[in-house]
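Student: Could we go through this structure together, one question after another? I would like to see how each answer is reached.

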Amino acid sequence: MIVSLDWLGEYVDLPPVAEMTERLLLAGLNHESTEAAGSDTAVDLEVTSNRPDCLGHIGIAREVAVLFDRPLRMPAVELPPVSGDAPVRVTIEAGDICPFYSARVIRGVAVGPSPDWLVRRLAAVGVASVNNVVDITNYVMLECGQPLHAFDLSRLAGNQIVVRRAVAEEPFVAINHKQYALTDEMSVIADAERPVALAGVMGGAETEITEATADVLLESAQFAPLPVRAAARGLVLGSPSSYRFERGPDPAAVEWASRRAAALIVELAGGRLDGPVAEAGQLASRPAEIILRSNRVETVLGVAVAWDRQREILRSLGFVEREAMADASRWAAPTWRRDCWREIDLVEEVARIEGYDCVPENVPLAAQPVQRSPRERTVRMVADVCVAAGFCEAMTRSVVAESFEAFDSPWGGVAPLVCRPPLVRGADHLRRTLIPSLLEARVGSLAAGAPHGDLFEIAHGYIIRPEDAQDGGSPVEEPLLLTLVTGGDFFCGKGLATAVLARLGLQERPTIESGATMGPAGHGVCFQPFVSPLLAPGRAAEIVLQRSGFPTCRIGVVGEISPSLGQCLNADEHTVVVELRIDCLEFIVDEEPARVALSSFPAIQRDINLVVDEAVSWGDIVAAVESTRCRELEAIRLGEIWRDADRLGQGKKSVVVSVRLRSPETTLSAEQANALVAAMVEACTSRVGATLRA
Amino acid sequence: MTNLPLDAFTAELQRLHAEAGQVLTAVADDTALELARVTFLGAKSGRIRQVQKGLGQVAKEDKPAAGRQFNAVKTAVEELFADAQQRIDAGASPGAVEAVDVSLPGTPLRLGRVHPLTQTIRRVAAIMGYLGFEVVEGPEVEDQWHNFEALAIPAEHPARDPLDNFYISVAQAAEPLLLRSQTSTVQIRVMEQREPPLRIVSLGRVYRPDTADATHYPMFHQVEGLLIEPGTTMAHLKSVLRSFASSFLGGDVHVRFRPSFFPFTEPSVEVDMEWNGRWIEMGGAGMVDPAVLEAVGYDPDVVSGFAFGLGVERIAARRFGVADIRDFYRNDVRFLEQFSDRGQV
């Protein structure tokens with residue numbers, strides 16, 4: 001709301017402008033700017049949506065008057081007496097949109113330029129002068145906040161005003177001379193034949209006031225906020241009028257503004273009133289009565305304001321004390337303050353005028369212990385691993401293009417979740433995986449010249465739950481995902497995944513079947529071949545969590561990106577991704593792992609040279625070795641794998657298994673070690689058909 | 001056999017040790033090293049061997065002491081030899097070690113970084129943690145009850161306009177869901193689940209259809225605090241925010257309230273903090289509206305509370321001097337690597 005100081009001074013004696021704007025700022029009217037406007041000064045104040053009373057100079061003047069304890073001068077409005085019947089008929093067919101409509105007729109006006117003072121004041125607040133009649137309607141709106149409209153009566157068919165819903169596709173040319181197609185949800189002011197204004201938003205070109213206009217129909221009405229807003233937004237046709245109706249002007253100003261404008265028209269453009277005002281409907285006004293307890297302000301603010309001072313503030317704001325009780329009083333809110341209807345609203349009024357500077361800023365708060373949630377701790381731990389591994393945390397958009405989602409997700413959710421409007425152009429699918437987004441970030445960053453594109457992100461995916469898993473809760477599940485992307489092969493990705501999981505205390509187990517060997521912690525993870533459109537065939541794994549007492553579940557995937565994903569995002573195919581569901585791993589941060597005392601006895605290292613069929617996996621071999629339940633088996637490492645059809649035979653490979661043996665109680669002898677290794681070889685022979693390499 | 005006095009034996013040992021030390025620290029090549037080995041450690045007639053022969057001539061009662069001394073020196077000489085060998089193998093020459101160009105780059109070790117917004121969130125959460133606030137999270141896809149109604153935003157409120165929210169039609173839900181427009185939704189969820197007293201901060205991503213520019217992005221992060229305890233006043237709110245601002249900015253920072261309007265707080269205020277002699281906007285706050293307390297089943301005559309919200313991007317941009325918040329979402333490591341949290345998290 002831009003205020004002209006010259007204009008504002010008509011209603012209240014003004015303090016110096018800087019002092020005034022500072023005080024208004026601390027009472028709820030943000031000061032945007034103060035600028036010279038000719039000989040006048042324009043002050044721009046931000047008005048919150050609950051204060052339509054401040055969308056006119058009088059409302060601002062009232063605040064100044066209250067804050068600086070000065071009298072408020074309301075302009076006197078005197079209309080010559082009229083007699084007879086109203087010369088037009090007003091009918092409201094859409095009462096939900098327009099509760100009240102009034103029309104006043106002024107005949108014989110001389111439309112022409114406005115006087116200088118009027119032109120100057122409007123110019124100061126950024127409104128161009130049109131002609132004296134239109135300027136007056138704008139002036140009165142900017143004075144009291146009630147929008148008005150003036151029609152050329154001679155162009156209205158049938159001397160009548162009908163407020164009705166538009167007929168779908170009904171054409172309408174607004175005063176900006178653009179044509180609009182209306183919908184049947186919009187409401188129009190019509191004459192006997194056609195729409196002449198879009199209710200509360202804008203008048204029509206055909207009935208606008210011109211130099212040729214002699215008879216004026218002056219509209220002052222009340223329109224409901226939502227339909228006005230819908231129409232203005234639907235047609236992208238916001239106006240100072242719709243802006244005010246969306247917020248709800250003072251109901252009492254409907255009648256006042258009509259008389260004020262009519263008086264000014266008669267004064268500045270000549271003409272005479274023709275008959276009394278024509279009206280239809282009932283003014284919607286909700287005069288609230290509110291009881292304020294005298295101790296309530298202190299209870300809310302934490303500082304007392306004298307009861308007499310509270311009452312003085314409310315009275316100066318226009319509240320009327322209907323009844324004074326022992327330690328409370330009953331107040332009627334002024335018509336222009338429809339935001340005030342509860343006790344807490346009165347408390348805020350007192351606080352706002354008294355100023356929040358009176359509220360103490362050194363009240364102690366009792367200490368309270370706090371714990372980080374398992375989620376917070378899990379996120380910290382995994383992020384720390386990523387940072388230590390040289391990865392930078394990225395943040396990508398939660399909503400992606402459909403083409404990203406076409407690659408499916410390891411986390412299910414077939415039906416897409418689509419938002420309207422799109423988050424940014426082309427991106428309207430809530431993502432089910434972060435992989436394409438993070439890959440896109442890597443590609444973009446590398447293309448821009450970044451020295452590396454090793455990125456990780458921790459964010460939610462969004463998945464529609466299966467119907468049977470909804471439990472009356474939200475149909476949408478939001479797995480918390482950790483995703484990493486880097487250049488490298490499958491093993492590079494698996495190394496990252498293993499490091500993150502190990503930090504959480506989850507060790508890799510060779511196979512799902514070996515649950516019995518999960519160890520004291522009772523959980524572990526297993527990598528298994530995985531097929532997904534996101535990942536390269538044969539170069540990807542799912543990570544399955546095994547946990548005592550719970551069904552196994554997929555908690556991660558790792559793999560080289562698929563050629564089609566690489567192509568879609570223009571990514572180097574030598575790129576590997578890891579995605580983990582860390583929401584499924586939170587349980588582990590509350591488990592204290594059992595400590596293992598270090599043995600002080602030396603270890604014995606042995607290499608076992610096995611020859612196995614090509615189809616036997618490393619995991620199978622590990623499982624076979626572990627099946628011996630050898631207490632002294634401290635570690636199993638892969639020595640090497642090599643193939644030589646001549647020496648090993650077709651379809652065979654040599655696997656060197658390096659085992660470290662150590663006893664907690666004694667130094668193992670070579671004979672003991674030999675026996676343990678022999679048992680392992682035997683297990684490998686019986687379980688995976690291994691033979692010792694000669 | 002003549003008896004060799006222990007003193008003489010010891011002196012001989014020390015001489016041997018000293019000489020071996022001189023020679024073995026000075027040898028510069030394999031030939032010299034081999035020569036030194038034969039001289040001192042030679043199995044037949046090396047100096048050590050020679051001295052060892054003397055051990056036999058020491059009086060019987062001195063033998064244990066002499067033996068200990070001999071073993072110690074023998075070990076020491078062997079170590080000197082091993083050191084010399086290692087040095088020569090490594091190509092270094094004694095007294096003339098080749099100096100390295102210390103300005104050459106070290107072996108690279110790259111560390112990553114957490115995102116500057118995460119750094120900011122962690123810092124805010126840590127400070128609020130000192131004040132007894134616990135971090136809570138909730139869903140980003142919300143229903144209209146939690147995003148609007150429970151927050152005193154009725155159906156006809158403009159904030160619910162389809163153009164101002166990201167609505168999501170889901171077949172299984174009776175009415176459209178939406179990407180939450182504020183993290184206050186989580187506060188409602190916590191209040192529905194728990195009884196006062198409560199001190200929580202909810203944080204996470206929120207979504208509003210703003211056109212992206214230097215100060216707006218349709219997805220951003222909020223941190224919102226909520227305290228519900230009997231007897232809570234705006235003085236508590238101001239004091240907590242002052243503590244927060246002082247901890248965040250350092251020093252004794254004052255805050256001020258300007259009246260504002262939010263549907264879910266009453267009174268509502270904008271909070272400014274004084275920074276470098278200027279008031280800068282920190283966020284919105286207020287006393288929890290009685291209607292909100294009632295919506296979650298609390299009695300507004302028994303408990304009261306305050307809430308405040310901070311825009312993470314805005315305070316991060318200010319804290320780090322980032323002019324365009326879109327940079328936070330470009331994910332270029334050259335940008336991300338510039339943010340060191342300097343141990344403040």
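**The interface of chain A and chain B**

Tutor: In this predicted model, chain A and chain B bury about 6,800 Å² between them, and carbon and sulfur atoms give 55% of that area.

Student: How many residues does the contact take from chain A and from chain B?

Tutor: Contact here means heavy atoms within 4.5 Å, and the count is given for each chain in turn. The contact takes 81 residues from chain B, and from chain A it takes 86 residues.

Student: Which residue of chain A forms a salt bridge with Asp164(B)?

Tutor: The rule finds 11 salt bridges across the interface of chain A and chain B, and a pair qualifies when a side-chain nitrogen of Lys or Arg lies within 4 Å of a carboxyl oxygen of Asp or Glu. For the pair that includes Asp164(B), the closest N and O atoms are 2.8 Å apart, and the partner is Arg233(A).

Student: Which helix gives the most to the side of chain A that touches chain B?

Tutor: Across this interface there are also 39 residue pairs in polar contact. On the side of chain A that touches chain B, the helix that gives the most does so with seven residues, spans residues 374–388, and is helix α12 of chain A.

**Inside the chains**

Student: Is Lys653(A) buried or exposed?

Tutor: Lys653(A) sits in strand β33 of chain A, which covers residues 652–661. Its contacts beyond its neighbours within four places in sequence include Leu610(A), Ile641(A) and Trp642(A). Because its relative accessibility is 7%, and the cut-off is under 20%, Lys653(A) counts as buried.

Student: Which residue offers the backbone oxygen that the side chain of Lys653(A) reaches?

Tutor: Among the residues in contact with Lys653(A) are Glu614(A) and Val616(A). The side chain of Lys653(A) reaches a backbone oxygen at 2.7 Å, and that oxygen belongs to Val616(A).

Student: In β6(B), what is the bridge partner of Arg205(B)?

Tutor: Strand β5 of chain B, residues 198–207, is mostly covered, with 10 of its 10 residues buried. Three bridges join β5(B) to strand β1 of chain B in a parallel arrangement, whereas 10 bridges join β5(B) to strand β6 of chain B, and these two run antiparallel. In β6(B), the bridge partner of Arg205(B) is His221(B).

Student: What distance separates the centres of domain 1 and domain 2 of chain B?

Tutor: Chain B is divided into domain 1, residues 6–89, and domain 2, residues 116–336. Taken over C-alpha atoms, the distance between the centres of these two domains is 78 Å.

Key:
Residues numbered from 1 in each chain as written. Chains lettered and ligands numbered in written order. Predicted model: local features only at pLDDT ≥ 70, side-chain atom pairs only at ≥ 80, totals over all residues. Heavy atoms only, no water. Domains from an automatic or database assignment. Helix = DSSP H or I, 4+ residues; strand = E, 2+ residues; numbered from the N terminus. Buried < 20%, exposed > 50% of the residue type's maximum accessible area, 1.4 Å probe, protein only. Polar contact = N/O pair within 3.5 Å; in protein donor to acceptor, adjacent residues only side chain to side chain. Pairing = 2+ DSSP bridges. Buried area = accessible area lost by both parts, 1.4 Å probe.
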